[in-house]
Amino acid sequence: MTERRLLRWVRPWVFPAMLAAAFEWYARRASALGSDALAPPSAAAKAFVGAALDGSLWQATGFTLGTAALGLLLGAMLGIALGLVLGLSRRAAQWGSLSIEVLRPVPSVALIPLAMLTFGFGVRMELAIVAFATFWPLVVLVQSAVQQIEPRLLEVSRVLGLSARERAFKIVLPAIVPRLFVALRLGVAVALVVAVTVEIAANPNGMGYAMMIAQQSFDPALMLAWLGWIGVVGFAINAGMVQLQRVVARRMGVLP
């Protein structure tokens, strides 16, 4: 039994380890041929340790995560609220469908010039773009989840004379918990990607800016270290969201 558990834990790491070994060999070979555009993972690990020790890693990570979290919170609050309204009201869905379908495809990165003119450089600009990017998928997914609720549940709520607020918190939200967390997991990923992209393009703070500075300084080892760290942070956040989903679902009676 112990061997099976160990094998189950080790198995997902086999392919990434093979990729890292192949990249290590390729980067060292390229370096031996005179190329300095690539750095082996071993050099990136040393650069990562250096950034962790001098504190730049934690400062940039804290800025990016804080901005992404605030932007996601704003986008999620507005997106979930509007998704509930559109899912429960056919008339509201008909009135809002055209506006949503026109605005939803607009790339969030395309708003950077407008956000810079409106908010300037810094946190407010990044918050606005992250909130915009996370708002639309949450609206669409929450609306779809609400529309797929068993109609009898809503009929019972009307018979019991529940108010719109009571219906949302006692009937609708418990029924869409699994799909709501899928939407939130997507929103978390979008928030992190957009925050890093904005920092690369326009905001002189955070992990994206640090990676760009490493590239401009011709330090491929540090750039690769930042790239790998962003992936690790995203993985950890997603794992945390999965655990949170299970805890909330159990407390709401969705899971045994």
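The following legends describe close-up views of a predicted model.

**Figure 1. Overall architecture of the chain, built from eleven helices and zero strands.**
From the N terminus on, the elements run α-α-α-α-α-α-α-α-α-α-α. Along the principal axes, the C-alpha atoms fill a box of roughly 75 × 60 × 30 Å. The chain has 256 residues, of which 36% are buried.

**Figure 2. Patch of positive charge on the surface, formed by arginine residues.**
The residues gathered here are Arg4, Arg5, Arg8 and Arg11. Arginine 8 belongs to helix α1, which covers residues 2–32. The relative accessibility of arginine 8 is 64%, and this residue therefore counts as exposed, the cut-off being over 50%.

**Figure 3. Nonpolar patch on the surface, with an area of about 890 Å².**
Leu6, Trp9, Val10, Trp13, Val14, Phe15, Met18 and Leu19 make up this patch. Leucine 6 is placed in helix α1. With a relative accessibility of 53%, leucine 6 is classed as exposed. Arginine 8, a member of the positive patch, is likewise found in helix α1.

**Figure 4. Aromatic pair of phenylalanine 48 and tryptophan 229.**
Four aromatic pairs are found in a search of the whole structure. In the pair formed by phenylalanine 48 and tryptophan 229, the ring centres are 5.3 Å apart and the planes meet at 50 degrees, a tilted arrangement. Because phenylalanine 48 lies in helix α2 (residues 41–54) and tryptophan 229 in helix α11 (residues 220–251), the pair ties together parts that are 181 residues apart in sequence. Phenylalanine 48 is partly exposed, at 26% relative accessibility, whereas tryptophan 229 is buried, at 16%. The two residues also belong to one aromatic cluster, together with Trp58.

**Figure 5. Aromatic pair of phenylalanine 132 and tryptophan 136.**
The rings of phenylalanine 132 and tryptophan 136 are arranged edge-to-face, with 5.9 Å from centre to centre and 80 degrees between the planes. Both residues are part of helix α6 (residues 123–147), where they are four residues apart, or about one turn of the helix. Tryptophan 136 has a relative accessibility of 9% and so counts as buried, the limit being under 20%. The C-alpha atom of tryptophan 136 is separated by 8.2 Å from that of glycine 75, and the two residues are 61 residues apart along the chain.

**Figure 6. Salt bridge between glutamate 101 and arginine 104.**
Side chains of opposite charge can pair when their charged atoms come close. The structure holds one salt bridge. In this salt bridge, the side chains of glutamate 101 and arginine 104 meet with an N to O distance of 2.9 Å. Glutamate 101 has a relative accessibility of 45% and is classed as partly exposed. Arginine 104 is also partly exposed, with a value of 36%.

**Figure 7. Backbone of phenylalanine 218, a residue with positive phi.**
Most residues other than glycine have a negative phi. Phenylalanine 218 has a phi near 55 degrees, a positive value in a residue other than glycine. Phenylalanine 218 is located in the loop between α10 (206–216) and α11. The relative accessibility of phenylalanine 218 is 76%, so this residue counts as exposed.

**Figure 8. Surroundings of glycine 187 in helix α9.**
Helix α9 comprises residues 177–201 and includes glycine 187. Glycine 187 is buried, with a relative accessibility of 0%. A distance of 23 Å separates the C-alpha atoms of glycine 187 and tryptophan 58, which are 129 residues apart along the chain. Trp58 is one of the residues in the aromatic cluster with Phe48 and Trp229.

Technical notes. Residues numbered from 1 in each chain as written. Predicted model: local features only at pLDDT ≥ 70, side-chain atom pairs only at ≥ 80, totals over all residues. Heavy atoms only, no water. Patch = residues over 30% accessible without salt bridge, like charges linked within 9 Å, V, L, I, M, F, W, Y side chains within 5 Å. Areas by Shrake-Rupley, 256 points an atom, 1.4 Å probe, with all protein chains shown as cover. Salt bridge = Lys/Arg side-chain N within 4 Å of Asp/Glu carboxyl O. Lys, Arg positive; Asp, Glu negative; His and termini not counted. Charge placed at Lys NZ, Arg CZ, Asp CG, Glu CD. Helix = DSSP H or I, 4+ residues; strand = E, 2+ residues; numbered from the N terminus. Buried < 20%, exposed > 50% of the residue type's maximum accessible area, 1.4 Å probe, protein only. Phe/Tyr/Trp six-rings, centres within 6.5 Å; stacked < 30°, edge-to-face > 60°.
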